[in-house]
Each structure stands twice: as C-alpha cells, then as structure tokens.
Amino acid sequence: MPRLTPLMLCLLGLLLVASPGYAQDTPPWGTGESKGEDLTISLVTFGPGDDVPSWFGHGALVVEDARLRTSRLYNYGMFSFDERMLMRYAMGRLEFWVDDTRPGPTFRFYRALNRDVRLQVLNLSPAQKVELGRLLAVNVLPENREYLYHHYNDNCVTRLRDAIDKVVGGQLHQAESVPGRMTLRDHTRRYTDVGPPMSVLLDFLMNDEIDKPVTRLQEAFLPDELERQVAELQVVGEDGQERPLVEKTVTLFKAQGRPVTPEQPPRYAPVMLLMGLVLGGSAAGLAGWERRKGARLPRVLLGLQNVLVGLVFGIPGLALFIMWLGTDHTVTYRNENLFLANPLTVLALPLGIQLMRGSPRARARMWHLWRALAALGVLGLVLKVLPMFDQDNWRLIALLLPISVGMAGAMWLMRAPAAGRVPAPSVTSELKVSGS
C-alpha cells in the first residue's frame with residue numbers, strides 16, 4: 001500500500017492551521033461527562049480555495065455539547081512547515097496530526113478566504129454520538145494524534161469517513177463498496193482543472209497506481225465526495241428502521257465568484273497533441289531553414305527551443321527518476337512517462353545553449369540525444385499493447401512524442417550542410433591558413 005504521493009507539497013500543502021483558539025483541556029465527551037442527548041455532531045465541508053493545496057477542499061468534524069455549552073472542531077490536516085517536514089516530504093514521509101480548535105474562528109477564517117462552509121448534522125443515536133465524541137477525544141491525545149499522511153488512502157477526510165463508518169457499524173463501508181464513478185487520476189484532474197499547467201505536471205508525475213478501478217468509498221478521499229455519500233446514506237438503527245444519516249444541512253457561507261469543480265476531467269488531449277505537433281514541426285522547420293540558408297536566426301531559435309524543453313520537461317523528468325530510485329513516493333515508481341521525459345532530456349538545456357552559440361559539437365551531440373529520446377518514446381508507445389503498461393498517459397504521449405520525433409528530425413537535418421554549401425571556416429582553420 002503506498003504511503004505518500006509525490007504531489008504532497010503541491011496537492012496537500014497548507015491544509016489549515018485554522019484557528020488560534022487551540023484547546024488543550026479534555027472535552028466533556030472525552031471524560032464521560034457529556035450525555036448523548038446533549039451532543040450534536042456535524043460533518044463540515046470546506047470548499048476549494050485559491051492556492052494549489054486548497055484546490056481539493058477540506059473537511060472536519062464538530063462536536064457540541066448544548067448542556068455544557070462547549071464545542072470543538074477536529075481537524076486532521078495539521079502539520080509543521082519546517083525543515084524537518086521538508087526533509088520528510090522529500091523522502092516520501094509526511095507526518096500530519098489531528099488538532100481540536102474552537103469552530104467559530106475556523107469558520108471565520110474560511111469565510112475570509114472566500115471558501116464554502118457547509119455543515120451536515122449527523123443523525124446519530126445518543127450512544128453513537130458518545131462513541132464518536134470519545135473516539136475524537138482519544139485521537140487528539142499527544143500519543144495518538146500523529147499519522148502518516150497519504151493523499152488518497154489516509155488523509156484529513158478519510159479519517160473522518162472511517163470514524164463515521166465505525167460508529168454506524170460499517171454501514172457506510174458496506175453501502176459505498178461499489179464501483180466508483182471514475183479513477184483517482186480523473187478525480188485529481190478535474191479538481192486541478194483550475195490550473196492547467198499544474199494539472200499536467202501532476203498528471204506527469206503519477207504512475208498507474210491511480211488508474212486502477214476504485215470503489216465509491218475510496219473516492220471519499222475528497223471532501224465533496226464524502227459529503228455526497230453521507231447525504232445519500234440510509235442507516236439502519238437499533239430498532240431495525242432505516243433513517244437518513246444526515247438530519248439537516250446548513251450552509252454557513254457560500255463562496256462568491258469561485259468556479260465550480262467540473263463533474264468530469266478536462267479533455268486536454270487534442271490541445272496537447274496540437275502543441276506537440278506544432279513544437280516538433282517547428283523544430284524541423286527551423287532546421288530546414290538553417291540548412292537551406294545557413295542563417296543564424298533559425299539556429300538560435302532552435303537552440304532556445306531546446307533550452308525551454310530541457311527546463312519544462314527535463315527537470316520534471318529528472319525529479320521523477322530521483323523519486324523512483326531514492327524516495328518512498330511509491331506512486332512515482334515505474335512511471336511510463338520516463339519513456340517520454342527523463343534525465344537525458346535535461347541535456348537539451350546545455351546543448352541548446354551551445355547550439356545558440358554556434359558549437360559544431362552541439363549538433364552531433366543533440367542528434368544522438370534526440371534520436372535516443374525519440375526511440376524511447378516510440379518504445380513506450382509500442383509497449384502499450386502489453387497489459388502491464390496500462391498507465392493512463394495518452395495525453396503526455398500526444399504532447400511529448402511529437403516533440404522528440406520533431407527534434408530528432410531537426411538534428412538529422414542539421415548534421416551536415418546542404419549540398420552545394422561550403423561550411424564556414426573555423427577559427428582554427430583560419431589560423432592554420434594565415435600561419436602558412
């Protein structure tokens with residue numbers, strides 16, 4: 001079971017250090033003082049925000065004792081943003097913890113960020129309320145509060161899901177153990193649709209672990225999905241009668257002017273194919289221009305294009321390779337996108353600079369480089385016929401393979417001057433002639 005995704009810093013990030021009202025004393029439902037009849041427990045769903053970590057939204061549970069006039073919000077999305085955290089993240093291990101705060105300041109915090117705040121009051125029996133309150137109070141104790149975060153399998157929302165499921169006797173698990181609407185990759189892509197470049201980067205970094213069929217229960221790693229499932233669930237009580245799990249829903253704040261998360265992932269493939277064909281074709285066109293005219297401008301432009309490709313695709317390819325070999329980011333292992341962009345792609349950066357400066361050696365080296373990258377890309381495409389190569393990376397193939405093939409063609413055209421053209425003398429040859 002994978003423990004951490006490679007996109008933690010991008011996809012998880014600042015999941016709330018929500019309220020200054022931290023409560024250190026044990027709440028009455030943790031000491032046995034609360035009566036079930038006096039407790040109200042609500043699932044809170046916070047809508048997406050502006051920055052990448054908040055695109056997926058957030059969730060929490062609120063416990064309130066009306067008789068004793070006290071309430072707490074339980075937030076499983078706490079972490080420490082320091083050097084230790086960064087090092088653990090780099091190695092694929094990110095520790096989060098649960099904290100309890102006062103609900104009011106937290107709700108005002110999200111309202112200030114223009115993010116939805118929605119409550120679902122859970123229709124639990126008094127005994128179930130006592131049990132869930134005690135469970136949360138035990139979880140927040142120093143010896144229990146930390147856990148190893150996984151964006152899909154163990155996050156701030158799956159912890160709420162599992163706690164609710166436990167007190168209703170596994171009925172949520174039973175009802176939602178049916179095929180999900182889409183894969184985890186598709187869910188990730190639709191939530192990151194607000195930022196296409198970041199969406200493509202995250203798509204590039206993740207392997208086929210998130211392409212497997214999932215259940216609806218697994219889809220509830222997302223706050224909106226858990227909210228939907230809880231709203232639909234009918235639970236059987238001790239009397240054998242069915243009742244809705246949600247007693248009532250309250251919208252405390254509705255975000256203004258914020259885009260709605262699409263129900264389906266975006267269709268980037270045609271656009272990415274067009275971009276790949278344009279970039280690959282323009283590389284071949286520039287090489288043909290330089291070959292016919294011997295002009296400096298097309299060589300400089302082609303070198304600049306290589307520099308950009310090395311930066312935009314080579315660096316992520318290098319990072320992906322390092323994540324596979326040296327970290328616990330298992331979702332990056334054996335990633336088929338390494339056929340398309342890998343540490344070799346980074347070499348396009350220095351070689352592109354050398355080409356812009358007119359280095360003859362750069363031409364030969366870039367021919368070998370792009371010939372190898374094009375061959376790897378074609379190999380990755382051919383291997384798709386085998387069942388084990390089932391990663392959903394057709395969008396990346398549509399973008400990157402035409403670039404590699406176009407670059408290889410461009411370097412082939414630039415290997416030697418066109419027929420009838422005499423190469424310009426090098427500085428060394430001029431010195432030899434003048435010396436004679």
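**Surface patch, aromatic pairs and a covered strand**

At 39% relative accessibility, Leu304 counts as partly exposed, since that value falls between the 20% limit for buried and the 50% limit for exposed. The model here is a predicted one. Leu304 sits in helix α13 and belongs to a nonpolar patch on the surface, together with Trp289, Leu297, Leu301, Leu308, Leu311, Val312 and Ile315. Taken together, the patch residues offer about 670 Å² of accessible area. Helix α13, spanning residues 296-326, supplies the largest share of the patch, with seven residues.

Next come the aromatic rings. Searching the whole structure turns up eleven aromatic pairs. One of them joins Phe46 and Phe107, with ring centres 6.4 Å apart; the planes meet at 50°, so this pair is tilted. Phe46 comes from strand β1 (residues 39-46) and Phe107 from helix α4 (residues 103-112), so the contact links distant parts of the chain, 61 residues apart. Phe46 and Phe107 are both buried, and they form one aromatic cluster with Phe109 and Tyr110.

Phe339 and Phe389 make another tilted pair, with centres 6.4 Å apart and planes at 55°. Here both partners come from loops: Phe339 from the one between α13 and α14 (343-346), Phe389 from the one between α16 (360-382) and α17 (394-414). The pair therefore ties together parts that are 50 residues apart in sequence. Phe339 has a relative accessible area of 19% and Phe389 has 18%; both count as buried because the limit is under 20%.

Rings also turn up beneath charges. The charged end of Arg159 sits over the ring of Tyr147, 4.1 Å from the ring centre. Lys384 does likewise with Trp394, its charged end lying over the ring at 5.2 Å from the centre.

Finally, there is strand β5, which covers residues 117-122 and is mostly covered itself, with six of its six residues buried. In a regular strand, side chains alternate between the two faces of the sheet. For β5, Val117, Leu119 and Val121 are buried on one side, and Arg118, Gln120 and Leu122 are buried on the other, so both faces are covered. Strand β5 also has pairing partners. It runs antiparallel to β1, joined by five bridges, and Leu43 has Gln120 of β5 as its bridge partner. Six bridges join β5 to β9 (residues 246-253), again antiparallel, with Val121 partnered by Lys248 in β9.

Key:
Residues are numbered from 1 along each chain as its sequence is written. This is a predicted model: local features need pLDDT of at least 70, side-chain atom pairs count only at pLDDT 80 or more; totals for chains, interfaces and linings use all residues. Side-chain values use heavy atoms; hydrogens and water are left out. Patches are made of residues with over 30% relative accessible area and no salt bridge: like charges are joined within 9 Å, nonpolar side chains (Val, Leu, Ile, Met, Phe, Trp, Tyr) within 5 Å. Accessible areas come from the Shrake-Rupley method with a 1.4 Å probe; for residues, only the protein chains shown count as cover. A salt bridge is a side-chain nitrogen of Lys or Arg within 4 Å of a carboxyl oxygen of Asp or Glu. Helices (H or I, at least four residues) and strands (E, at least two) are DSSP runs, numbered from the N terminus. Buried means under 20% relative accessible area, exposed over 50%, partly exposed in between (1.4 Å probe, protein chains only). Rings of Phe, Tyr and Trp (its six-membered ring) pair if their centres lie within 6.5 Å; planes under 30 degrees apart count as stacked, over 60 as edge-to-face and the rest as tilted. A charge sits over a ring if NZ of Lys or CZ of Arg is within 6 Å of the ring centre and within 35 degrees of the ring normal. Two strands pair if DSSP finds at least two bridges between them.
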